[in-house]
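Please keep the model open in your viewer with the selection panel at hand, and follow the stops below in order.

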Amino acid sequence: MEDQDGILGRYRRMRSASRELNHTLMDRCKPPVKEAAEDLGVLVNDTIVLDLDRMPVVMDYAIHHCRPDGRNVVERFAAEHRPSPASDTEAVLAAMQQAFFSLFQVRDVVEGVGVRVLDILRNREHFLADVNLSQSTVEGVVLASRVLPVEDFIMTTGAPLPVGAEVLEWILKHLQGTGLSPDDVRDMPAQAWAELEAMVIGACLLDDQNQQIRYQDVPRSAGPPPIRNESDRVGRNDPCPCGSGKKYKKCCGR
């Protein structure tokens with residue numbers, strides 16, 4: 001059982017340091033956002049076509065995967081700047097260099113602290129510290145996110161995407177077709193991960209799961225159904241489909 005009070009305290013410190021470091025990275029290293037948007041399929045005629053509340057997804061991808069000189073933004077910053085020893089910023093920067101992307105299925109909710117999740121791609125369990133998520137999600141939901149490994153928990157980089165049942169089924173079918181085992185996935189090189197991540201994020205955005213979250217168990221059936229936009233969208237002021245009683249924009253639509 002997790003030390004929930006200890007995790008909550010460390011999470012709050014690390015989240016604060018993470019936000020500050022992200023602002024620094026964006027200000028000083030100028031992530032190539034348009035390149036990231038093109039990789040994710042949201043650049044049309046040199047214009048990024050995306051809701052503003054999903055721009056952190058593009059920024060996060062740019063910070064970790066665009067490598068104009070062979071190094072990503074985090075690696076360039078770490079080579080040029082040294083945070084104070086034993087500081088939260090030093091710990092976050094180290095975690096950012098070990099960050100990884102995956103699909104996470106919520107197994108259990110610890111309200112006010114976070115959620116226990118299964119890393120579907122690597123077949124590993126983690127405790128994901130996230131106060132907002134613990135108050136707005138339910139068991140079974142699947143999220144696509146990059147996470148930072150921090151001691152005995154993980155935390156998102158702030159840009160998780162809900163994964164719909166059809167998209168999840170399509171992704172798993174794709175991976176099954178490659179013959180990759182969880183061990184193979186763990187050992188994929190950076191470029192292969194960038195391509196896989198772009199495929200997953202692009203599919204989630206195309207499926208319009210930003211607007212409507214559907215909760216489900218990991219499907220066992222095969223065969224990729226078509227990815228499509230949902231015509232019956234949940235409005236931002238409508239009741240959230242998770243049943244919390246809150247407006248969608250104040251709950252799962254954050």
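Two strands are said to pair here if DSSP finds at least two bridges between them. The model on screen is a predicted one, and that status applies to every stop of the tour.

**The whole chain**

Before selecting anything smaller, colour the protein by secondary structure, which should bring up nine helices and eight strands. Of the 254 residues in the protein, 49% are buried, and among contacts with a separation of 6 or more, 60% are accounted for by residues 24 or more positions apart.

**Strand S3 and its partners**

Select strand S3 (100-110), then add strand S6 (142-150); S3 and S6 pair in the antiparallel sense over six bridges. To locate one of these contacts between strands, pick Phe104, whose bridge partner in S6 is Leu143.

Now bring in strand S4, residues 114-119, which runs antiparallel to S3 and is joined to it by six bridges. Here Gln105 can serve as the marker, with Leu118 as its bridge partner in S4. S3 and S4 form a hairpin with three residues between them, and Gly112, in the turn, has a positive phi of about 85°. If you switch to a surface display, S3 should appear mostly covered, with eight of its eleven residues buried.

**The enclosed cavity**

How many cavities of 30 Å³ or more does the structure hold? The structure holds one, and the largest cavity has a volume of about 40 Å³. To display the lining of the largest cavity, select Val57, Asp60, Phe101, Ala144, Ser145, Arg146, Ala159, Glu197 and Ile201. By class, this lining has five nonpolar, one polar and three charged residues. Helix H3 (55-65), S6 and helix H9 (190-206) each supply at least two residues of the lining, with the largest share, three residues, coming from S6.

**The second largest pocket**

Keep Phe101 selected while you turn to the second largest pocket, which has a volume of about 450 Å³. Its lining has 21 residues, and the closest to the centre of the pocket are Gln97, Gln98, Ala99, Phe100 and Phe101. The elements giving two or more residues to this lining are H3, helix H4 (73-80), helix H5 (88-97), S3, S6 and H9. H9 provides the largest share of the lining of the second largest pocket, three residues. By class, the lining of this pocket has ten nonpolar, six polar and five charged residues.

**A loop aspartate**

Next, centre the view on Asp130, which sits in the loop between strand S5 (124-129) and helix H6 (131-136). Is Asp130 buried or exposed? Asp130 counts as buried because its relative accessibility is 10%, below the 20% cut-off. Once its neighbours within four places in sequence are left aside, Asp130 is in contact with Tyr11, Arg15, Val113, Gly114 and Thr156, and showing these residues as sticks will display its surroundings.

**Two cysteines**

For the last stop, select Cys66, which counts as buried because its relative accessibility is 0%, and then Cys204, which is buried with a relative accessible area of 1%. A search of the whole structure finds zero disulfides, so no sulfur-to-sulfur link needs to be drawn, given that a disulfide calls for a pair of cysteine sulfur atoms within 2.5 Å.

How values were computed
Residues numbered from 1 in each chain as written. Predicted model: local features only at pLDDT ≥ 70, side-chain atom pairs only at ≥ 80, totals over all residues. Heavy atoms only, no water. 1 Å grid on protein atoms, 1.4 Å probe; cavity = no way out; pocket = protein on both sides within 12 Å on 5 of 7 lines; lining within 4 Å. Points joined across faces, edges and corners; volume = space filled by probe spheres on them. Helix = DSSP H or I, 4+ residues; strand = E, 2+ residues; numbered from the N terminus. Nonpolar A, V, L, I, M, F, W, Y, C, P; charged D, E, K, R; others polar. Buried < 20%, exposed > 50% of the residue type's maximum accessible area, 1.4 Å probe, protein only. Contact = heavy atoms within 4.5 Å.
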